[in-house]
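Let's take a walk through this chain together, from its overall build to a few individual residues. Please keep the structure open beside you as you read.

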Amino acid sequence: MKNIAQELGVSVALVSYVLNGKFINRINIHTADRIRTLAIKYNYTPNQIAQSLKTNKTYTLGLIVADISNIFSSELAQYIEMEAHNQGYNVIFASAYEDAMRFKSIVEVFVAKQLDGLILAVPAEADVYLDIVERSGIPYVIMDREFTSIDPHKFINIDNYAASAEVVTHLFESGFKRPAAITLQSSLKHLNDRNLGFVESVNKRYNSEFFLYEIPEKRLIDSIEQIIMHAIEQDKVDVLYFLTNRIAMAGLAVLSKHNIEVPDQVGVVCFDQADAYTVFKTPLTYVKQPIAEMSKEAVTQILNPNYVKNKNKFSTQLVIQKSTLLNYSY
């Protein structure tokens, strides 16, 4: 670093900031490029162990997602990595696959590595293992989950109840008469809030019968076809609200398989956005979570001990496509 500083006529501190990704927005972009070019010429790479000993930081965050194969989890990982990179940090990813013991083992590894912060999607019944993090003193936040045993200031989540209530308002105003929601059997609070928002809002809006179908997650693929066909043919529902993106992907496959027209035969609203929706034969209305904003909030909250949280819960956006409305003309 001294050689680079002397050759370019800048300070060693400036060279250090550029090569370690610190204060990037404050440094002249051309100067930074010259420093990086010379570092490549000299084959310079920072010694991470030496840096950690000097600063007592690893400049690394740990992220445990619920299930990396889930669209929400993968998008969350992408935005968190981008925001951490902007702050000069790296991210180590892991997936708990909704398994409490797997979550515990990953947490133990991350704590042993003395990472600078943890962003956690905690599986059901795994909140008891957060004591491991508490004892370590490592800052952490919880994404997309809530637990009564944990300080609410640690949560970064949407208002799931309000999101479902907005969906029901849309269905009612669009003229649907017999709404149905398909959800997962779960003890997780955010899913139960989503369910409750649907049930209570339907009770306020409708005088007719409505339906809430619950499926064990492990039986989703095996059960979804039977439930959808029963809902349409026996219960005569005219709109389906898929309460997770995993349910939505499985449900849309069933509708395509049976050539069920949306919205002529049944309306559809999905929770979460997915690029795969674009291959469905008609546009789909969906609940869009502000994942980029939530990711920025998570990284900011971890890296700034004195940060005052902006929001208790983030608001979703209902992206309405005309094709989900009744009497829509193609």
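What follows goes from the whole chain to its two sheets, and then to a helix and a single residue.

A word on the ground rules: this is a predicted model, in which local features need pLDDT of at least 70 and side-chain atom pairs count only at pLDDT 80 or more, while totals for chains, interfaces and linings use all residues. Residues are numbered from 1 along each chain as its sequence is written, and side-chain values use heavy atoms, with hydrogens and water left out.

Let's begin with confidence. The chain has a mean pLDDT of 89 (pLDDT being the predictor's confidence in each residue, from 0 to 100), and 93% of its residues reach 70 or more. Residues 324–330 are a stretch to read with care, as the pLDDT there is below 50. Even so, this stretch has 23 contacts in the model beyond near neighbours in sequence, a contact meaning heavy atoms within 4.5 Å.

Now the overall build. The C-alpha trace spans about 80 × 45 × 35 Å along its principal axes. You will find twelve helices and eleven strands in the chain; these are DSSP runs numbered from the N terminus, with H or I over at least four residues for helices and E over at least two for strands. Of the 330 residues, 49% are buried, where buried means under 20% relative accessible area, exposed means over 50%, and partly exposed lies in between (1.4 Å probe, protein chains only). The accessible surface comes to about 16,900 Å², with 50% of that belonging to carbon and sulfur atoms; such areas come from the Shrake-Rupley method with a 1.4 Å probe, and for residues only the protein chains shown count as cover. Among contacts between residues at least 6 apart in sequence, 68% join residues at least 24 apart.

Turn next to the sheet of five strands. This sheet is open, has the order 2-1-3-4-5 and shows parallel pairing; two strands pair if DSSP finds at least two bridges between them. Strand 2 (90–95) and strand 5 (155–156) stand at the edges with a single partner strand each, so one side of each is left without a neighbour in the sheet. Strand 5 runs parallel to strand 4 (residues 140–143), joined to it by two bridges, and F155 of strand 5 is the bridge partner of I142. Helix 12 (residues 291–303) packs on this sheet and touches strand 1, strand 3, strand 4 and strand 5, its direction making about 160 degrees with that of strand 4. Angles here run from 0 to 180 degrees between N-to-C directions, with axes being lines fitted to C-alpha atoms, for helices over the stretch in contact. Helix 5 (residues 71–86) lies across strand 1 (60–65), strand 2, strand 3 (117–120) and strand 4, and runs at about 165 degrees to strand 2.

The other sheet to look at has six strands. Its order is 7-6-8-9-10-11, and this open sheet has mixed pairing. Strand 7 (211–215) and strand 11 (317–319) are the edge strands, each pairing on one side only. From one strand to the next, the twist averages 20 degrees.

Which residues of strand 8 are buried on its two sides? V239 and Y241 are buried on one side, L240 and F242 on the other, and both faces of the strand are covered. Strand 8 runs parallel to strand 6, with four bridges between them, and A180 stands opposite L240. Four bridges also join strand 8 to strand 9, again in parallel, with G267 in strand 9 as the bridge partner of V239. At the edge, strand 10 (residues 285–288) and strand 11 pair in the antiparallel sense over three bridges, and K288 has Q317 of strand 11 as its bridge partner.

Helix 11 (residues 245–257) packs on this sheet, touching strand 6, strand 8 and strand 9, and its direction makes about 150 degrees with that of strand 9. Helix 8 lies across strand 6 (179–184), strand 8 (239–242), strand 9 (267–271), strand 10 and strand 11, running at about 165 degrees to strand 9.

Helix 8 (residues 160–174) also holds E166. This residue is partly exposed, with a relative accessible area of 35%. Leaving aside neighbours within four places in sequence, E166 is in contact with T316 and L318.

Finally, visit helix 2 (residues 12–19), where V15, V18 and L19 are buried. Seen down the axis of helix 2, its buried residues fall within an arc of 90 degrees, so they line one face of the helix; the arc is that of the directions from the helix axis to the C-beta atoms. Their cover includes helix 1 (2–8) and helix 3 (29–41). After helix 2 comes G21, with a positive phi near 70 degrees.
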